[in-house]
Amino acid sequence: MMIHIPFDNRFLQLGEEFFAKAQPATVKQPALIQFNHALARELSMVVEDASEADLAQLFSGNALPLGAAPVAMAYAGHQFGSFVPQLGDGRAIWLGEIRTANGAWFDIQMKGSGRTAFSRGGDGRAALGPVLREYLVSEAMQRLGVPTTRALAAVATGESVARERELPGGVITRVAASFVRVGTFEYFAARGDVAAVKKLADYVIARNYPELAAAQQPATHLYAALLAAVIARQARLIARWMQLGFIHGVMNTDNMSIAGETIDYGPCAFMDGYRHQRVFSSIDRQGRYAYNSQPGIGLWNLVRLAETLVPLLAESTDEAVKIAQTHLETCQGQYQAAWLAGMRAKLGLTAGVDSDAQDKALIDALLDAMDANEADFTLTFYHLSRLGTGSPAQDHAIRGLFARPAAFEDWAARWRERLQREPQGEPARQAGMQAVNPVYIPRNHQIEAAIRAAEDRGDFSVFHALLAVLQNPYAEQAGKERYRLPPEPEEVVSKTFCGT
């Protein structure tokens with residue numbers, strides 16, 4: 001089997017309190033569903049001569065690549081606001097980390113590969129549906145320009161897992177800049193282990209924020225800089241979610257990457273009909289992680305991170321808290337700046353023509369009209385990017401998205417008046433809008449169709465066809481019109497599930 005993965009497993013040097021040794025369970029009849037050859041090349045993996053059968057054996061857990069060091073990572077987390085002092089990888093096994101030719105580090109992890117010391121009574125397995133969902137959504141997010149974990153391989157196990165009913169099983173292998181989470185810091189902070197928190201912070205800086213160490217600043221300044229850097233990445237990440245109508249669904253601190261990537265695609269969804277407080281997760285009965293709540297929850301999670309770093313920020317606790325607060329107070333402003341810049345681009349507006357407050361009011365007015373009419377999020381911006389500044393006679397398609405078209409017409413008059421003051425010409429303005437407003441997203445009903453075909457009939461063609469379309473989300477693709485359409489009433493998916 002000609003497969004080489006250049007492992008360099010620095011994480012293990014942190015010590016055994018950071019993980020529990022694990023071994024992927026073997027499966028009866030692994031079959032490769034998809035392998036991401038382009039990503040493998042980026043990671044300097046040598047797999048070109050490997051057969052599909054070889055890849056299925058490797059990425060099902062039946063065989064391990066040379067140099068792999070399988071462990072389950074330890075972490076805690078606030079789940080729906082309540083602290084759980086021990087969670088950890090209950091159905092994921094970290095295989096190792098690699099460093100690419102350009103110096104970037106990545107972790108490789110298998111999910112659905114069997115029980116670990118942190119499984120808490122679960123079977124450690126994954127059903128095929130969540131594997132396909134994560135593969136589709138994470139790779140779509142990457143093509144949409146959103147920081148994300150990546151999907152390297154998806155394998156069907158040939159075995160069943162017991163959920164509400166017997167379901168075919170699967171394993172996904174995913175890649176991340178880091179699988180360290182806010183909850184990883186919480187795990188050690190809750191135990192009063194300041195030395196471990198410091199060790200973890202040093203590891204994260206070296207792996208994900210090396211520019212901070214290069215500045216050669218005093219240690220306390222270094223950890224404050226780490227907090228500031230994580231805040232900045234999270235603010236930009238959540239702004240990108242909001243600009244695409246994406247709802248993570250379960251923003252627990254154990255699902256918040258320290259590297260600023262979208263991680264753990266469980267009950268996530270892209271909205272069809274827009275509502276400010278749209279919720280998809282079947283377990284989010286109070287709407288804690290609703291669409292419009294995501295920026296606030298992001299800050300709440302960052303406060304939890306800051307609490308773990310307080311002992312490292314200054315000798316005096318009072319001074320350390322002040323330092324943390326100073327950085328946390330920048331989060332909302334950073335988020336608003338990133339959100340406004342992205343939303344201006346979606347509407348063809350450039351900064352400096354009207355004030356931030358005026359443009360924000362215009363954007364908010366559109367979202368309010370969309371909310372009142374449940375206008376399709378992606379299609380609203382898609383059609384806007386194709387409208388001109390001239391006659392509203394062009395507006396037929398977009399007006400049809402609004403239950404009360406007058407709501408759009410009133411807003412569109414304000415928007416066109418604003419466009420008259422734009423310095424850019426109309427072709428440039430439309431091209432800019434079309435570069436940031438996708439034609440295709442992984443819509444819930446399309447994902448569900450791919451899952452149903454695979455689980456019910458063993459047919460992966462629907463999955464492959466959807467994945468192919470999502471590789472180029474910002475360009476019209478001939479003959480693929482149905483992939484940009486919202487669901488018919490009988491196709492609407494109103495609830496998504498974590499897949500545990």
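This passage walks through a strand hairpin, a glycine in a loop, and the cysteines of a predicted model.

A good place to start is strand β6, which covers residues 92-99. Seven of its eight residues are buried, so β6 is largely enclosed by the rest of the structure. Its partner is strand β7, residues 105-111, and the two run antiparallel, joined by seven bridges. One of the pairings involves arginine 99, whose bridge partner in β7 is tryptophan 105. Together β6 and β7 make up a hairpin, with five residues sitting between the strands. Glycine 103 lies in that turn and has a positive phi of about 90°.

Moving on from β7, the loop that leads to β8 (126-127) holds glycine 114. With a relative accessible area of just 2%, glycine 114 falls under the 20% cut-off and therefore counts as buried. Who are its neighbours? Leaving aside residues up to four places away in sequence, glycine 114 touches Ala25, Gly90, Arg91, Asp123, Gly124 and Arg125. Take Ala25 from that list: alanine 25 is 89 residues away from glycine 114 along the chain, yet their C-alpha atoms are separated by 5.2 Å.

As for the cysteines, two of them can be placed by their accessibility. Cysteine 268 has a relative accessibility of 1%, so it counts as buried. Cysteine 331 comes in at 6% and is likewise buried. And how many disulfides turn up in the whole structure? The search finds zero.

Technical notes: Residues are numbered from 1 along each chain as its sequence is written. This is a predicted model: local features need pLDDT of at least 70, side-chain atom pairs count only at pLDDT 80 or more; totals for chains, interfaces and linings use all residues. Side-chain values use heavy atoms; hydrogens and water are left out. Buried means under 20% relative accessible area, exposed over 50%, partly exposed in between (1.4 Å probe, protein chains only). Helices (H or I, at least four residues) and strands (E, at least two) are DSSP runs, numbered from the N terminus. Two strands pair if DSSP finds at least two bridges between them. A disulfide is a pair of cysteine sulfur atoms within 2.5 Å. Contact means heavy atoms within 4.5 Å.
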